[in-house]
Amino acid sequence: MFKKIRLKDRATKNEKAIEIIEKGSFGVLSTIGDDGYPYGVPLNYTYFDNCICFHCAQEGHKIENINFNNKVSFCVVTKSDVLGNEFDTDYESVIAFGKATVITDDSEKKDILLSLLNKYSANYLKAGNNYMKKYWDETKVIRIKIEHLSGKAHE
């Protein structure tokens, strides 16, 4: 079902792919809309309970697309150094494929939002908790259950 990496010597093991996901600062979520067009949007995320999770507004383009078709991909690049004189690039990247679902359990939603806070704002947890409470009803949390990882690296 999922394509094999063509340059097998650049394929990473699953553990390395997860490491790349964990250290990435942002990723690009790709969805498909009812108009047939793909939509890629960069966003912050957290790797939580073997899933990729993010928060967003209650409505918008990505939510419409996920409601239309919950099969998504999520790309993370943690390294990209162009080697002009070698006509190559040193890089680390992962594409995760899976199904996106809205978190409806308040306890799980809170745990994921706390994971995001710890990743991006660890020095501001008190303010972050207050922010989370203030915007709780306006915030949607999405989980991507990973079905396939495709990691590549060249150093």
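Q: Let's say buried means under 20% relative accessible area. How many of the seven residues of strand β4 (residues 51-57) are buried?
A: Keep in mind that this is a predicted model. Strand β4 is largely enclosed by the rest of the structure. That follows because the number of its seven residues that are buried is five.

Q: How is the chain built, and in what order do the elements run from the N terminus on?
A: Start with the tally: the chain has four helices and seven strands. It has 155 residues, of which 39% count as buried. Reading from the N terminus, the order is α-β-β-β-β-α-β-β-α-α-β.

Q: Among the elements of the chain, which has the lowest mean pLDDT?
A: Overall, the chain averages a pLDDT of 88, and 83% of the residues score at least 70. Where pLDDT is low, the predicted coordinates should not be read in detail. At the top end sits β1 with a mean of 98, while the lowest mean, 82, belongs to strand β5 (residues 71-83).

Q: Which side chains of strand β1 (residues 27-32) point to the buried face?
A: In a regular strand the side chains alternate between the two faces of the sheet. Strand β1 shows that alternation, with V28, S30 and I32 pointing to a face where they are not buried. The other face takes the buried ones: G27, L29 and T31.

Q: What is the bridge partner of V28 in β2?
A: Strands β1 and β2 (residues 38-43) run antiparallel and are joined by six bridges. Within that pairing, G27 stands opposite L43. For V28, the partner in β2 is P42.

Q: Which residue takes a positive phi in the hairpin of β1 and β2?
A: The two strands of this hairpin run antiparallel. Between them lie five residues. The one with a positive phi, near 85°, is G36.

Q: How about the next hairpin: which residue takes a positive phi between β3 and β4?
A: Strand β3 (residues 46-48) and β4 run antiparallel, with three bridges joining them. Y47 stands opposite I52 of β4. Two residues separate the strands in this hairpin, and the positive phi, near 55°, is found at D49.

Q: Which helix gives the largest share of the lining of the largest pocket?
A: This pocket holds about 270 Å³ of space. Helices α3 (106-120) and α4 (125-134) each supply at least two lining residues. The largest share, four residues, is from α3.

Q: How many residues of the lining of the largest pocket are charged?
A: The lining includes N44, H55, L113, Y120, Y131 and M132. By class, seven of the lining residues are nonpolar and five are polar. The charged count is therefore what Asp, Glu, Lys and Arg would supply, and here there are no charged residues.

Q: How far apart, N to O, are E19 and K16 in their salt bridge?
A: Both residues sit in helix α1 (residues 14-23), three residues apart, so about one helical turn separates them. Each is partly exposed: E19 has a relative accessible area of 37%, and K16 comes in at 24%. Their side chains meet at an N to O distance of 3.2 Å.

Q: What N to O distance does the salt bridge of E147 and K99 have?
A: Each of the two is partly exposed, E147 at 42% relative accessibility and K99 at 33%. Their side chains meet in a salt bridge. This pair links distant parts of the chain, E147 in strand β7 (residues 139-154) and K99 in strand β6 (residues 88-102), 48 residues apart. The N to O distance is 3.5 Å.

Q: Which residue does E108 meet in a salt bridge?
A: The contact is 2.6 Å from N to O, and the partner is R143. These two link distant parts of the chain, with E108 in helix α3 and its partner in strand β7, 35 residues apart. E108 is partly exposed, with a relative accessible area of 22%. The partner is also partly exposed, at 22%, and its name is R143.

Q: Which residues are joined into one network by salt bridges that share partners?
A: The count of salt bridges in this model comes to five. One of them pairs E19 with K16. Through shared partners, one network joins K16, E19, K23 and E92.

Conventions: Residues are numbered from 1 along each chain as its sequence is written. This is a predicted model: local features need pLDDT of at least 70, side-chain atom pairs count only at pLDDT 80 or more; totals for chains, interfaces and linings use all residues. Side-chain values use heavy atoms; hydrogens and water are left out. Buried means under 20% relative accessible area, exposed over 50%, partly exposed in between (1.4 Å probe, protein chains only). Two strands pair if DSSP finds at least two bridges between them. pLDDT is the predictor's confidence in each residue, from 0 to 100. On a 1 Å grid over the protein atoms alone, a cavity is a set of points where a 1.4 Å probe fits but cannot get out, and a pocket is an open set with protein on both sides within 12 Å along at least five of seven lines; lining residues have an atom within 4 Å of a point. Grid points are joined across faces, edges and corners, and a volume is the space filled by probe spheres set on the points. A salt bridge is a side-chain nitrogen of Lys or Arg within 4 Å of a carboxyl oxygen of Asp or Glu.
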